[in-house]
Amino acid sequence: MTEGERVRLIRQYAAGEITWHELRERGFSDYVQVLGALGEAGLRPPVARMDGPNTDARRRGRALVREALRQRG
Amino acid sequence: MNRPFALIVTDTSPLFTLVLAGALDTLLRPGLPVRIPDAVYIEATRVHGAPGAEQIVEWINAHLDLVQIVPTDIGIDQQRRLEEGRATRGLGEQAAIEVLERFFRGDATAEALLLFEDADIEKRRAIVDQRVGLISTGDFLRELEAAGLIQSTDHILDQATAQGRNVERQRRAGEHSATRTRLRGQLARRADD
């Protein structure tokens, strides 16, 4: 992977256009490399929008965490 | 929430993000038992001296009451593949599914929360079962932020990328240094000829 490809992929990742799964398939060997490349480019890891095929399960997940935190006081 | 419950880590990315940000303890804030499939643990820690690996091991050992590494058949397959030099990509997620199935086999009324990386969970279809909730690193941090338990999600993600950048620079400096040493050796050998 050239430096240019690496930067292009990491920008696509930060923009939510491609997944970590795809980055791995295209040559990133571990997530530390991804975090490093994001840091070099002044970018942040993407935070998923509440959209896509898992929305209900994710809402359920957030509610479960909220409830656990509430019970902990 | 009186039924058995577990937070299952499906991938190394939440562990690396949180360890580089110095925020692994955030995983314990909800007070849920954390289960890390062996394949995920091995992937995160198998390279001796790799960034974050040692801290992950230390953190798990410091919290054995809440954090458990779960052995799986996929983990055994992973070991075999590593020995044979074959690819091990994606095995963490498969091991997490196995952990989940074993967990439900123990108690069909249990509930589980699967922790994923953000981009993957937004785009790739995961399990749909009413007993399972999915959460991404970002969603998880946002809930902690809303509960006032962390300063901000962005701050943690920025810390992780800043530390990741330092690690990558050190890695590259190490590679350059090794290249220079090799080059010096070659030049010295030529001078001797």
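**Which strands of chain B does H5(B) lie across, and at about what angle does H5(B) run to S2(B)?**

Let's warm up with that one. H5(B) lies across S1, S2, S3, S4 and S5 of chain B. Its angle to S2(B) is about 130°. Here an axis is a line fitted to C-alpha atoms, for helices over the stretch in contact, and angles run from 0 to 180 degrees between N-to-C directions. Helices (H or I, at least four residues) and strands (E, at least two) are DSSP runs, numbered from the N terminus.

A quick word on what you're looking at: this is a predicted model, where local features need pLDDT of at least 70, side-chain atom pairs count only at pLDDT 80 or more, and totals for chains, interfaces and linings use all residues. Residues are numbered from 1 along each chain as its sequence is written, while chains are lettered from A and ligands numbered from 1 in the order in which they are written.

**Exercise 1. Take stock of chain B: list its elements and its overall dimensions.**

Step 1: count. Chain B has eight helices and five strands.

Step 2: walk along from the N terminus. The order is β-α-β-α-α-β-α-α-β-α-β-α-α.

Step 3: box it in. Along the principal axes, the C-alpha atoms fill roughly 75 × 40 × 35 Å.

Step 4: check the burial. Of the 193 residues in chain B, 41% are buried. A residue is buried if 20 or more other C-beta atoms lie within 10 Å of its own, exposed if 12 or fewer, and partly exposed in between, with C-beta atoms placed from the backbone.

**Exercise 2. Work out how the sheet is put together.**

Step 1: get the order. The five strands form an open, parallel sheet that reads S3-S2-S1-S4-S5 in chain B. Two strands pair if DSSP finds at least two bridges between them.

Step 2: find the edges. S3 (67-70) and S5 (132-136) of chain B have a single partner strand each, so one side of each is left without a neighbour in the sheet.

Step 3: look at the twist. Neighbouring strands are turned by 25° against each other on average, direction ignored.

Step 4: go through some pairs.
- S2(B) (residues 34-37) and S3(B) are parallel over four bridges, and Val34(B) stands opposite Val67(B).
- S1(B) and S4(B) are joined by five bridges, with Ile8(B) opposite Leu114(B).
- S4(B) and S5(B) also pair over five bridges; Leu113(B) faces Gly133(B) across this pair, and Leu114(B) stands opposite Leu134(B).

Step 5: follow the chain from S4(B) to S5(B). Together with H6 (residues 118-123), these strands make a right-handed β-α-β unit. Right-handed means that, with the strands pointing away from the viewer, the path from the first strand over the helix to the second runs clockwise.

**Exercise 3. Are the residues of S4(B) buried or exposed?**

Step 1: count. Six of the six residues in S4(B) are buried.

Step 2: sort by face. One side has Glu111(B), Leu113(B) and Leu115(B), the other Ala112(B), Leu114(B) and Phe116(B).

Step 3: try S5(B) too. Five of its five residues are buried, with Val132(B), Leu134(B) and Ser136(B) on one side and Gly133(B) and Ile135(B) on the other.

**Exercise 4. Describe how H4(B) and H5(B) pack.**

Step 1: H4(B) (residues 73-84) and H5(B) (residues 91-106) have axes that come within 8 Å and cross at roughly 155°.

Step 2: name the arrangement. The two helices are therefore roughly antiparallel. The cut-offs are under 35 degrees for roughly parallel, over 145 for roughly antiparallel, 65 to 115 for roughly perpendicular, and oblique for the rest.

Step 3: find the touching residues. H4(B) brings Asp73(B), Ile74(B), Gly75(B) and Gln78(B), and H5(B) brings Leu91(B), Gln94(B), Ala95(B) and Glu98(B). Contact means C-beta atoms, placed from the backbone, within 7 Å.

Step 4: sort them. That gives three nonpolar, three polar and two charged residues. Ala, Val, Leu, Ile, Met, Phe, Trp, Tyr, Cys and Pro count as nonpolar, Asp, Glu, Lys and Arg as charged, and the others, Gly among them, as polar.

**Exercise 5. Which element of chain B gives the most residues to the side that touches chain A?**

Step 1: 46 residues of chain B are in contact with 38 of chain A.

Step 2: H1, H6, S5, H7 and H8 of chain B each supply at least two residues.

Step 3: the winner is H8(B), with 11 residues.

Step 4: by class, this side of chain B has 20 nonpolar, 11 polar and 15 charged residues.

How values were computed:
Two residues are in contact if their C-beta atoms, placed from the backbone, lie within 7 Å.
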